[in-house]
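Colleague: I am new to this structure and would love a close look at a single part of it. Could you pick a helix, walk me through what surrounds it, and set it in the context of the whole chain?

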Amino acid sequence: MRVLVTGSNGQLGRDVVFLLENGGHFVLACDRDQMDITNQAQCIEVISSFHPEVVIHCAAYTAVDAAETDIDGAYKVNAVGTRNVTVAAERTGAKLIYISTDYVFDGNSENPYQEYDNTNPQSVYGKSKRAGELMVQSLSSKWFIVRTSWVYGLYGNNFVKTMLKLGQEKPKLQVVNDQKGSPTYTVDLGEFLLKLMPTEKYGIYHASNSGTCTWYEFTQAIFEEARELKGLSIQAQLEPCTTEQFPRPAPRPRNSVLDHLSIRTNGLSGLRSWREGLRDFIGFSSNQE
């Protein structure tokens, strides 16, 4: 298939491009240098010229805390930029896959969030991503919205890399133990997108690695796998703490767990367990060094 990927130099985008090319697809990888998504005329020109069958829209403003003060910047990318990509994709008749987030929910539910639960974003980032969802739903006739959570991968900065670094440098680490979610490996998410895109099973999907943990439990697992697979000397003493002990500009969802209702009801294969994904990531990253 002919597939255009926005945000192709990002953490998810780079793995998506790699998987697509390995799968024999004809790919146009677009980062901001190739296509500024906030420029509607440029989006129409680039997408129309390539004439993709699918557009995978990974580009986003993801600086969660910075968005609290850079409100215009967040909406310009996540809402206006998404509108521009959607309009251009619709003109060419392309399917659109929009990558969204658990931050569209308030995080106060006791249960995992299903695709059709009411959204109630609490942060500017979450509100701007929800605005992007609304653009996709109202302007595209062939859309998939894929919400995910706690994403990490080989490229760019992420929680796993940060914890591995701090674990070797700090004598003590406090990590939040009252926020739970499902860590999601970019390769596993990318493989799901590739299975979804040839279908016409349009709609909202929650796609994260299966199983749940807190950030503290995630860090414990990171350290265990790093010691076993990489032989790292991690000396940091790990201690659980509360969200209130680490105030941040943007509120974090207490519950980021996503139920995979749409994956099940559409007969698709879910993502493997988060621990298996983490193990593969740490094993693979050690082979790259």
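Modeller: Let me start with charge: the protein chain carries 28 positive and 33 negative charges, and their mean positions lie 1 Å apart. Please keep in mind that this is a predicted model. The surface that the chain exposes comes to about 12,700 Å², with 47% of it supplied by carbon and sulfur atoms. On the inside, 53% of the 289 residues count as buried.

A few words on the overall form will help you find your way. The protein chain has nine helices and 12 strands. Its C-alpha trace spans about 55 × 40 × 40 Å along the principal axes. A compact globule of 289 residues would have a radius of gyration near 19 Å, and the 19 Å of this chain agrees with that. Among contacts with a separation of 6 or more, 81% join residues that are 24 or more positions apart.

Now to the part I would like to show you, helix 1. This helix covers residues 11–22, and its 12 residues should span 16 Å at 1.5 Å a residue; the end C-alpha atoms are 17 Å apart, which agrees. Which residues of helix 1 are buried? They are Gln11, Leu12, Gly13, Asp15, Val16, Val17, Leu19 and Leu20. As you look along that list, one general point is handy: an α-helix has 3.6 residues a turn, so residues three or four places apart point the same way. After the helix comes Gly24, where phi is positive, near 85°.

What covers the buried residues of helix 1? The cover includes several strands, namely strand 1 (2–6), strand 2 (26–30), strand 3 (54–57), strand 4 (95–101) and strand 6 (151–152), together with helix 6 (186–196). Let us visit two of these neighbours, helix 6 and strand 3.

Helix 6 is itself mostly covered, with nine of its 11 residues buried. Those buried residues are Thr186, Val187, Asp188, Leu189, Gly190, Phe192, Leu193, Leu194 and Leu196. Gly190 is a good place to pause, as this residue of helix 6 touches helix 1 directly. Leaving aside neighbours within four places in sequence, Gly190 is in contact with Leu12, Val16 and Leu19, and those three residues are on the buried list of helix 1. Gly190 and Leu19 are 171 residues apart along the chain, yet 7.2 Å separates their C-alpha atoms. Gly190 counts as buried because its relative accessible area is 0%, under the 20% cut-off.

Just before Gly190 in helix 6 sits Leu189, which is buried at 1% relative accessibility. Beyond its neighbours within four places in sequence, Leu189 is in contact with Leu12, Val146, Thr148, Thr184, Ala207 and Leu271. Leu12 therefore appears in the contacts of Gly190 and in those of Leu189. The C-alpha atoms of Leu189 and Leu12 are 8.2 Å apart, although their positions lie 177 residues apart along the chain.Strand 3 offers a second view, through Ile56. Is Ile56 buried or exposed? Ile56 is buried, with a relative accessible area of 0%. Leaving aside neighbours within four places in sequence, its contacts include Val16 and Leu20, two of the buried residues of helix 1. Ile56 is also in contact with Leu193, one of the buried residues of helix 6. The other contacts of Ile56 are Val3, Leu4, Val5, Thr6, Ile97 and Met197. The C-alpha atoms of Ile56 and Ser8 are separated by 9.5 Å, with the two residues 48 apart along the chain.

Two loop residues are worth a glance on the way out. His51, in the loop between helix 2 (40–50) and strand 3, has a positive phi of about 55° although it is not a glycine. His51 counts as partly exposed, at 47% relative accessibility. Trp150, in the loop between strand 5 (143–148) and strand 6, also has a positive phi, near 50°. Trp150 is buried, with a relative accessible area of 10%.

Methods
Residues numbered from 1 in each chain as written. Predicted model: local features only at pLDDT ≥ 70, side-chain atom pairs only at ≥ 80, totals over all residues. Heavy atoms only, no water. Helix = DSSP H or I, 4+ residues; strand = E, 2+ residues; numbered from the N terminus. Rg over C-alpha atoms; globule rule 2.2 N^0.38 Å. Buried < 20%, exposed > 50% of the residue type's maximum accessible area, 1.4 Å probe, protein only. Contact = heavy atoms within 4.5 Å. Areas by Shrake-Rupley, 256 points an atom, 1.4 Å probe, with all protein chains shown as cover. Lys, Arg positive; Asp, Glu negative; His and termini not counted. Charge placed at Lys NZ, Arg CZ, Asp CG, Glu CD. Expected span 1.5 Å × (residues − 1).
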